[in-house]
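Let's take a walk through this one together, starting with a pair of side chains and working outward from there. Have the model open and turn it as you read.

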Amino acid sequence: MKLLIVIIQNKDANKLQSQFVKNSIQQTKLSTTGGFLKSGNTTFMIGIKDERVQEVLDLIKKVSRKREQYMTPPVNLDGGVSDASYPVKIEVGGSIVMEMPMDNLYHF
């Protein structure tokens, strides 16, 4: 058995959860925040048999999307002008998946 921890951008979370339900993949959904932009994310925790891990990864790849977005870095507080105060294009989205061995999964 494996424990998959999947972190995905909120924009893709509902679609991914629908795919999990459609494919009978039980998961726990947590609201999380983090990353460079401190944006909203969703973390799924999934206990799954080894032979279904690739199925889960394929669903995540199908739903998870990387996007480009502009952000304005913080202004230099010492009063100086910095090139960093202009909007820059960054890549956001996608997903992060952590896979860990799990000895047992209990349902009570």
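Start with Lys-2 and Glu-99, whose side chains meet in a salt bridge with an N to O distance of 3.7 Å. Keep in mind as you look that this is a predicted model. Lys-2 belongs to strand β1 and Glu-99 to strand β6, so the pair ties together parts that are 97 residues apart in sequence. As for its surroundings, Glu-99 is partly exposed, at 43% relative accessible area. The general idea behind such a contact is familiar: side chains of opposite charge can pair when their charged atoms come close.

How many salt bridges does a search of the whole structure find? It turns up two. Besides the pair you just saw, there is Glu-55 with Arg-52, where the closest N and O atoms are 2.9 Å apart. Are these two partners buried or exposed? Neither, quite: Glu-55 has 30% relative accessibility and counts as partly exposed, and Arg-52, at 24%, counts as partly exposed too.

Now zoom out to the fold. The chain has two helices and six strands, and if you trace the elements from the N terminus on, they run β-α-β-β-α-β-β-β. Of the 108 residues in the chain, 30% are buried.

That brings us to the inside. In soluble globular proteins, nonpolar side chains tend to be buried together. Here, the largest nonpolar core has 16 residues, and the ones with the most contacts inside it are Leu-16, Phe-20, Phe-44, Ile-46 and Val-56. The elements that give two or more residues to this core are β1 (2–9), α1 (10–22), β3 (39–48) and α2. Which of them supplies the largest share? That would be α2, with six residues.

For a feel of how pieces distant in sequence come together, use Val-63 as a reference point. The C-alpha atoms of Ile-8 and Val-63 are separated by 9.7 Å, with their positions 55 residues apart along the chain. Ile-8 is found in strand β1 and is buried, with a relative accessible area of just 1%. Asn-14 also makes a pair with Val-63: 49 residues apart in sequence, 9.8 Å apart in space, C-alpha to C-alpha. Asn-14 sits in helix α1, and Asn-14 is exposed, at 52% relative accessible area.

Next, have a look at the surface. Lys-15, Lys-22, Lys-62 and Arg-65 gather there in a patch of positive charge. One of them, Lys-62, lies in helix α2, which covers residues 53–63. There is a nonpolar surface patch as well, about 250 Å², made by Ile-96, Met-98 and Met-100. Ile-96 lies in strand β6, residues 95–101, and β6 is also where you found Glu-99 at the start.

One last stop is a backbone detail. Which residue has a positive phi although it is not a glycine? It is Ser-24, with a phi of about 55 degrees. You'll find Ser-24 in the loop between α1 and β2 (28–34), and its relative accessible area of 56% makes Ser-24 exposed.

Methods. Residues are numbered from 1 along each chain as its sequence is written. This is a predicted model: local features need pLDDT of at least 70, side-chain atom pairs count only at pLDDT 80 or more; totals for chains, interfaces and linings use all residues. Side-chain values use heavy atoms; hydrogens and water are left out. Patches are made of residues with over 30% relative accessible area and no salt bridge: like charges are joined within 9 Å, nonpolar side chains (Val, Leu, Ile, Met, Phe, Trp, Tyr) within 5 Å. Accessible areas come from the Shrake-Rupley method with a 1.4 Å probe; for residues, only the protein chains shown count as cover. A salt bridge is a side-chain nitrogen of Lys or Arg within 4 Å of a carboxyl oxygen of Asp or Glu. Lys and Arg count as positive and Asp and Glu as negative; His and the chain ends are not counted. The place of a charge is taken as NZ of Lys, CZ of Arg, CG of Asp or CD of Glu. Helices (H or I, at least four residues) and strands (E, at least two) are DSSP runs, numbered from the N terminus. A nonpolar core is a set of buried Ala, Val, Leu, Ile, Met, Phe, Trp, Tyr and Cys residues joined through side-chain atoms within 4.5 Å. Buried means under 20% relative accessible area, exposed over 50%, partly exposed in between (1.4 Å probe, protein chains only).
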